[in-house]
Structures are given as C-alpha cells and as structure tokens.
Amino acid sequence: MREKALKYLEDHQSETPSKWREEALWRRENSDWLRYSQRIAVLLLLYMKEEQLTQAAMAERIGCTQQYVSKLLKGTENLTIETIAKIERATNQKLMAFEA
C-alpha cells in the first residue's frame, strides 16, 4: 500500500519545484504594507462597483494603464504616496489619515 502511494505521488509531482516556503516568508516579511495595499484594493473595488466602472475607466481616472489597475486590485502592489494620492483624487475618498 505504501509503495503504491509513493508511486502515485512520484507520478503526479510537479516538474517545477514549489516556492510556497519563499512566498510565505515574503508575505510574512511584507505583511505591514500588504495589509494597507489589500485595504486600498477592497475600497477601490467597492468604489468601482458602486460607480459601475471598468478597470479601463478607472485607469483613465487615475492616469495609469488598465494592467496597473489590475495589479492594484490584487492587493499586492507596494503603492507609492503619489499613487495613493491619485486614487484619492479619482475616487474623492481619503485612503490614508495621519494623526499628529
């Protein structure tokens, strides 16, 4: 039985090695800014749904490409302050607030 299971696993293993460990470490090391990026992505998605905007239409409002909007919506893009400001201007919503 064990040999059969091992044979099955060998026959179905991926030809390329898995990078799950590296990806998990990357997510852990970058969790602080990823959290913000994901929140912004959700807010952007909600805004687009409410306004019935496509990615192309949102890209035009922000001043970027549709491909970049797609990256933003994945929630894994390390956004610059400039990009955040463009999104705020395009959506007329504050995404970041600072307390003194």
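**Reading the evidence in a predicted helical model**

Reader: Why is Lys 94 called exposed?
Author: The relative accessible area of Lys 94 is 69%, and the word exposed is kept for values over 50%, so Lys 94 earns that name. Please keep in mind throughout that this is a predicted model.

Reader: How do you know that Lys 94 forms a salt bridge with Glu 88?
Author: The closest N and O atoms of Lys 94 and Glu 88 are 3.9 Å apart, and a salt bridge asks for a side-chain nitrogen of Lys or Arg within 4 Å of a carboxyl oxygen of Asp or Glu, so the pair qualifies.

Reader: Is Glu 88, the partner of Lys 94, buried or exposed, and what makes you say so?
Author: Glu 88 has a relative accessibility of 15%, and because buried means under 20%, Glu 88 counts as buried, whereas Lys 94 is exposed.

Reader: What makes the contact of Lys 86 and Glu 82 a salt bridge, and where do these two residues lie?
Author: Their closest N and O atoms are 3.7 Å apart, which is within the 4 Å cut-off. Both residues belong to helix α6, where they stand four residues apart, about one turn of the helix. In general, an α-helix has 3.6 residues a turn, so residues three or four places apart point the same way.

Reader: Why is Lys 86 called partly exposed, while Glu 82 is called exposed?
Author: Lys 86 has 27% relative accessibility, a value in between the limits of 20% and 50%, so partly exposed is the right term for Lys 86. Glu 82, with a relative accessible area of 54%, passes the 50% limit and is therefore exposed.

Reader: How do you know that Arg 35 and Asp 32 meet in a salt bridge, and how far apart are they along their helix?
Author: The N to O distance between their side chains is 3.4 Å, which is within the 4 Å allowed. Arg 35 and Asp 32 are three residues apart in helix α3, and so are separated by about one helical turn. Arg 35 itself is partly exposed, with a relative accessible area of 36%. A search of the whole structure finds four salt bridges, among them the one between Arg 35 and Asp 32.

Reader: What makes you say that the buried residues of α6 line one face of the helix?
Author: The buried residues of α6 are Thr 83, Ile 84, Ile 87, Glu 88, Ala 90 and Thr 91. Seen down the helix axis, they fall within an arc of 165°, and so they line one face. On the other side of α6, Ile 81, Glu 82 and Arg 89 are exposed, while the buried residues pack against α3, α4 and α5.

Reader: How do you know that α5 also has a buried face?
Author: In α5, which runs over residues 66-74, Val 69, Leu 72 and Leu 73 are buried. Viewed down the axis of α5, these buried residues keep within an arc of 95°, so they line one face of the helix. The face turned away from this buried side carries the exposed residues Gln 67 and Lys 74, and what covers the buried residues includes α3, α4 and α6.

Reader: Which residues touch the most other members of the largest nonpolar core, and which elements give two or more residues to it?
Author: This core has 16 residues, of which Leu 44, Met 48, Met 58, Ile 62, Val 69 and Ile 87 touch the most other members. The elements that give two or more residues are α3, α4, α5 and α6, and α3 gives the most, with four residues. Leaving aside residues up to four places away in sequence, Met 48 touches Leu 53, Thr 54, Gln 55, Met 58, Val 69 and Leu 73.

Reader: Why is Ser 37 called buried, and which residues does it touch?
Author: Ser 37, in helix α3, has a relative accessible area of 4%, and since buried means under 20%, Ser 37 is buried. Apart from residues up to four places away in sequence, Ser 37 touches Gly 75, Thr 76 and Glu 77. Gly 75, just after α5, takes a positive phi of about 75°.

Reader: What makes Gln 52 and Asn 92 count as exposed, and what is the sign of phi in each?
Author: Gln 52, in the loop between α3 and α4, has 72% relative accessibility, and Asn 92, in the segment after α6, has a relative accessible area of 73%; with the limit set at over 50%, both are therefore exposed. Phi of Gln 52 is positive, near 55°, and Asn 92 has a positive phi of about 55° although it is not a glycine.

Technical notes. Residues are numbered from 1 along each chain as its sequence is written. This is a predicted model: local features need pLDDT of at least 70, side-chain atom pairs count only at pLDDT 80 or more; totals for chains, interfaces and linings use all residues. Side-chain values use heavy atoms; hydrogens and water are left out. Buried means under 20% relative accessible area, exposed over 50%, partly exposed in between (1.4 Å probe, protein chains only). The arc is that of the directions from the helix axis to the C-beta atoms. Contact means heavy atoms within 4.5 Å. A nonpolar core is a set of buried Ala, Val, Leu, Ile, Met, Phe, Trp, Tyr and Cys residues joined through side-chain atoms within 4.5 Å.
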